[in-house]
Every structure is written in C-alpha cells, then in structure tokens.
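User: I'd like a close look at one part of this model, and I'm happy to have a long answer. Please take a single strand and work outwards from there.

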Amino acid sequence: MILARIVGTVVATRKDPRLEGKKLLVVKPVSPQGKDEAGYLVAVDTVSAGYRETVVVVSGSSARMANGCKDRPVDSAIVGIVDTISLDEK
C-alpha cells in the first residue's frame, strides 16, 4: 500500500471500454509525515476521493481486487481516504 495525495485528474476521451465511467486521478506518493516522495501515479478512484486528500493506493493484483476493478486493466487503485496518521516514534 502507498500513501499518496491527489494532485490532479486525467481526462481520456478514448480508453479501454472496461474503464468507461471510472475516474482517473493523478496521485503523488507521500511519507507518513506528509512530505512529497518521488514520482506520480495514475490511479482509478474507487472511493470518491477529492483534490488534495491523502489516500491509500494499492497496485498490481491488489488493485484488480478493488471494488469495481475486477477484470479491468488497472494497475493502481485508490481504496481509502486517510483521516489521520499516527506514528509511534521512539
């Protein structure tokens, strides 16, 4: 699982028919402290997440198990919206 922040959307006028009606969002991986990490991902939104929200993203076969993604060409899916993060730092 990856912590990420939603930073944009993807509009595709032509895409695989199995992705019709699916919202594609650009996410930026972040550390548990909220600091940006390298790279970006495009993920299918399964939880109606919004701009700048921190989310949980799964990839690979886990993404294809997310709600509404079975038998679809999906490599990353947003499966949760993060309310808080608590670390036990000693």
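Which residue in β2 is the bridge partner of Ala 4?

Analyst: That would be Pro 29: Ala 4 has Pro 29 as its bridge partner in β2. Keep in mind that we're looking at a predicted model. Let's use β2 as the home base.

Strand β2 covers residues 24-29 and is mostly covered, with six of its six residues buried. Its side chains split into two sets: Leu 24, Val 26 and Lys 28 point one way, while Leu 25, Val 27 and Pro 29 point the other way. Whichever set you pick, the residues are buried, and that includes Lys 28.

Now for the strands it pairs with. Strand β1, residues 2-10, pairs with β2 in the antiparallel sense, over six bridges. Besides the Ala 4 and Pro 29 match, Ile 6 stands opposite Val 27 in β2. The other pairing is with β3, residues 41-45, where four bridges do the joining and the strands again run antiparallel. There, Val 26 has Val 42 as its bridge partner in β3.

Zoom out a bit and β2 turns out to be part of a closed barrel of five strands, in the order β1-β2-β3-β5-β4, with mixed pairing. On average, neighbouring strands of this sheet are turned by 55° against each other, direction ignored.

Back to Lys 28, as there's a nice detail for anyone who cares about charges and rings. Lys 28 lies over the face of Tyr 40, at 4.4 Å from the ring centre. Ring-to-ring pairs are another story: the count of aromatic pairs comes to zero.

Lys 28 also leads us to Arg 5, a residue of strand β1. Leaving out residues up to four places away in sequence, Arg 5 touches Val 26, Val 27 and Lys 28, among others, and its list also includes Gly 34, Arg 52 and Glu 53. Arg 5 counts as buried because its relative accessibility is 12%, and buried here means under 20%. Its side chain makes a polar contact with the side chain of Asp 36, at 2.4 Å.

Leu 25, which points the other way from Lys 28, brings in Ala 49. That residue sits in the loop between β3 and β4. Setting aside neighbours within four places in sequence, Ala 49 is in contact with Leu 25 as well as Ile 6, Lys 23, Val 55, Ile 78 and Ile 81. Its relative accessible area is 4%, so Ala 49 is buried too. Pro 73 is 24 residues along the chain from Ala 49, and their C-alpha atoms are separated by 20 Å.

One last stop is the loop between β1 and β2, where you'll find Asp 16. Asp 16 has a relative accessible area of 25%, so this one is partly exposed. The side chain of Asp 16 reaches the backbone nitrogen of Arg 18 at 2.8 Å. Gly 60 is 44 residues from Asp 16 in sequence, and the two are 18 Å apart in space, C-alpha to C-alpha.

Conventions: Residues are numbered from 1 along each chain as its sequence is written. This is a predicted model: local features need pLDDT of at least 70, side-chain atom pairs count only at pLDDT 80 or more; totals for chains, interfaces and linings use all residues. Side-chain values use heavy atoms; hydrogens and water are left out. Buried means under 20% relative accessible area, exposed over 50%, partly exposed in between (1.4 Å probe, protein chains only). Two strands pair if DSSP finds at least two bridges between them. Rings of Phe, Tyr and Trp (its six-membered ring) pair if their centres lie within 6.5 Å; planes under 30 degrees apart count as stacked, over 60 as edge-to-face and the rest as tilted. A charge sits over a ring if NZ of Lys or CZ of Arg is within 6 Å of the ring centre and within 35 degrees of the ring normal. Axes are lines fitted to C-alpha atoms, for helices over the stretch in contact, and angles run from 0 to 180 degrees between N-to-C directions. Contact means heavy atoms within 4.5 Å. A polar contact is a pair of N or O atoms within 3.5 Å; within protein, one must be able to donate a hydrogen and the other to accept it, and residues adjacent in sequence count only if both atoms are side-chain atoms.
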